[in-house]
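Here is my notebook from a session of looking things up, one entry at a time. Keep the structure open and follow along with me.

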Protein chains: 2
Amino acid sequence: MDTPLHRKLSSAVSLTDEDVIVVDRLLSTTQVAPAGATLIPEGHVGGEAYVLLAGWAYRFRMFEDGRRQISRLLLPGDFIGLNASYLGMPEQSIVALTDVQLAKIDAKLLMEHFRQSPRLSLAFLWSDTRDRFITEERVASIGRRSAYERLAHVFLELYLRLELIGEAAEDVYSLPLTQEHLADLLGLTSIHVNRVLHRLKNDGLIAMEARTIRLLSREKLMRVSDFDPRYLMHRSPK
Amino acid sequence: MDTPLHRKLSSAVSLTDEDVIVVDRLLSTTQVAPAGATLIPEGHVGGEAYVLLAGWAYRFRMFEDGRRQISRLLLPGDFIGLNASYLGMPEQSIVALTDVQLAKIDAKLLMEHFRQSPRLSLAFLWSDTRDRFITEERVASIGRRSAYERLAHVFLELYLRLELIGEAAEDVYSLPLTQEHLADLLGLTSIHVNRVLHRLKNDGLIAMEARTIRLLSREKLMRVSDFDPRYLMHRSPK
DNA sequence: CGTACTATTGACGCAGATCAAGTTCCGTGG
DNA sequence: CCACGGAACTTGATCTGCGTCAATAGTACG
């Protein structure tokens with residue numbers, strides 16, 4: 001098989017055939033949900049864990065007065081609520097951004113497998129650590145980068161993350177985020193995102209049409225945003 | 001023994017005597033470093049892993065033009081570079097904020113122990129997940145909270161984290177951060193931190209003298225910052 | 001073709017940055 | 001015990017990136 005999850009895990013470690021079988025079995029019970037569906041409700045305890053097989057989702061913090069901050073974007077191959085489920089701790093809300101396909105996974109059972117396959121547990125540790133690094137780089141973005149730099153940075157990040165799972169190539173990928181999503185992800189308003197997006201286009205850094213983005217100069221985007229790809233823990237970190 | 005690490009881990013799971021012995025053995029080789037010392041240099045690969053036994057440290061991202069963002073504050077009982085060490089991946093810089101006492105740990109050996117003690121590995125998974133939630137809440141802070149709210153929030157967070165390890169009680173704790181550290185942690189300038197700190201004092205929310213902070217009204221601080229303690233995954237999440 | 005998102009554009013305001021001086025606090029050495 | 005030097009903290013004046021408010025225009029779908 002050649003799913004996003006397989007690509008992702010085997011980019012980190014060389015899985016044996018047996019590992020692959022274990023992973024496949026994990027993904028056996030699939031289901032779908034439409035865009036906008038709540039996958040994990042706010043504060044839900046001991047909930048289910050999933051692998052996102054197709055489509056995008058996001059995890060967010062909602063404030064009492066309506067402010068919203070997206071804390072993490074979930075792409076195909078990413079885990080949803082795995083740690084919280086296993087620990088029996090509450091999760092933040094997670095909502096489907098597009099129509100999604102999910103595989104429900106049994107967290108306890110998965111942890112059981114880890115005891116048998118060091119490679120598998122290493123791959124998951126890698127995935128977990130990478131998610132954390134992504135969030136820490138987001139802190140750096142929101143805390144210290146300008147709006148222009150933040151957008152440049154996130155478009156590069158998404159390209160590399162999607163490329164890893166075979167969903168981006170030749171500087172082009174499908175971007176289902178609205179300007180409001182981008183704003184909530186980057187700590188901005190959608191109005192400002194709109195203006196800065198135009199600047200990026202005018203400056204010849206990106207082109208967008210119909211939910212598709214093209215990076216016209218990764219080189220310039222990297223320079224602009226002081227992009228250091230090491231945090232993504234991919235193989236050939238430029 | 002009753003170290004911060006023991007308190008932290010046993011707050012999550014009930015460790016057996018044997019687990020405690022394993023943990024103790026991990027902490028056998030201790031060393032010290034002065035305030036300002038670099039514990040992990042930028043981009044260092046396959047480095048050492050430590051447990052912070054005493055003192056504070058921080059992990060940060062430095063930009064080419066000198067901007068700095070602290071991505072994580074490390075308190076006694078926290079792990080330093082554990083995942084990165086085990087995975088052989090590069091780490092961000094980590095610097096001692098105060099004089100610190102460290103125990104070098106062997107990441108491979110520790111992972112070995114996990115295979116034998118489910119409780120121990122659960123405790124570490126809890127710690128890891130909690131660190132991630134803390135960072136995600138920081139994203140929410142920097143992205144959507146005002147400077148006033150951010151400071152209120154971080155003072156509550158630090159209180160609860162320190163209380164867990166027995167280093168804060170009765171709304172008072174020692175706060176070795178300078179205003180510049182606070183600024184780099186919260187995505188502000190030290191000048192603005194200074195002004196807002198005065199507002200918090202005038203409003204009767206906190207009092208500070210000689211590197212010690214007193215929370216005069218946790219109630220008000222929580223209201224102001226829309227503080228939801230669940231993300232810290234402590235036992236009695238009020 | 002209406003209803004409801006989503007994107008766009010302009011005018012204006014403000015939280016927080018920047019610039020520029022001080023001042024206070026300490027640790028250190030004479 | 002005091003003088004010195006460098007952090008750390010203050011305070012004021014001014015500027016600006018981004019937010020807020022308001023209105024319009026696409027677009028998508030039922």
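How far does a backbone N or O atom of B:Ala147 lie from a phosphate oxygen of DNA strand C? I looked it up, and the distance is 3.0 Å.

**Ground rules**

I am working with a predicted model, where local features need pLDDT of at least 70, side-chain atom pairs count only at pLDDT 80 or more, and totals for chains, interfaces and linings use all residues. Residues are numbered from 1 along each chain as its sequence is written, chains are lettered from A and ligands numbered from 1 in the order in which they are written, and side-chain values use heavy atoms, with hydrogens and water left out.

**Entry: DNA strand C**

I listed what surrounds DNA strand C and got 15 residues, the closest being A:Gln179, A:Asn194, A:Arg211, B:Ala147 and B:Thr189. A residue is near a strand here if one of its heavy atoms lies within 4 Å of it. I then checked which part of the strand faces the protein: of its atoms within 4 Å, 69% belong to sugar or phosphate and the rest to bases.

Next I looked up two side chains. An N or O atom in the side chain of A:Asn194 is 2.7 Å from a phosphate oxygen of DNA strand C, and for B:Thr189 the corresponding distance is 2.9 Å.

I also noted that H8 of chain A and H8 of chain B each supply at least two residues of this surface. H8(A) gives the largest share, four residues. Helices (H or I, at least four residues) and strands (E, at least two) are DSSP runs, numbered from the N terminus.

**Entry: DNA strand D**

Which residues come nearest to DNA strand D? They are A:Ala147, A:Thr189, B:Gln179, B:Asn194 and B:Arg211, out of 15 around the strand. A backbone N or O atom of A:Ala147 lies 3.1 Å from a phosphate oxygen of this strand. For a polar side-chain atom of A:Thr189 I found 2.9 Å, and for an N or O atom in the side chain of B:Gln179, 2.8 Å.

Here H8(B) supplies the largest share of the surface, four residues. I sorted the surface by class and got four nonpolar, eight polar and three charged residues. In this sorting, Ala, Val, Leu, Ile, Met, Phe, Trp, Tyr, Cys and Pro count as nonpolar, Asp, Glu, Lys and Arg as charged, and the others, Gly among them, as polar.

**Entry: the two chains together**

I turned to where chain A meets chain B. The contact (heavy atoms within 4.5 Å) takes 49 residues from each of the two chains. Together they bury about 4,600 Å², 54% of it on carbon and sulfur atoms; buried area is the accessible area (1.4 Å probe) that two parts lose on being put together, summed over both.

I found 14 salt bridges across this interface, a salt bridge being a side-chain nitrogen of Lys or Arg within 4 Å of a carboxyl oxygen of Asp or Glu. One of them joins A:Glu149 and B:Arg67, at 2.9 Å from N to O.

**Entry: how the copies relate**

A rotation of 180° with 0.0 Å of shift along its axis superposes chain B on chain A, with RMSD 0.0 Å. The fit is by least squares on the C-alpha atoms of residues with pLDDT of at least 70 in both. My note in the margin: this is the relation of a two-fold axis.

Notes
A polar contact is a pair of N or O atoms within 3.5 Å; within protein, one must be able to donate a hydrogen and the other to accept it, and residues adjacent in sequence count only if both atoms are side-chain atoms.
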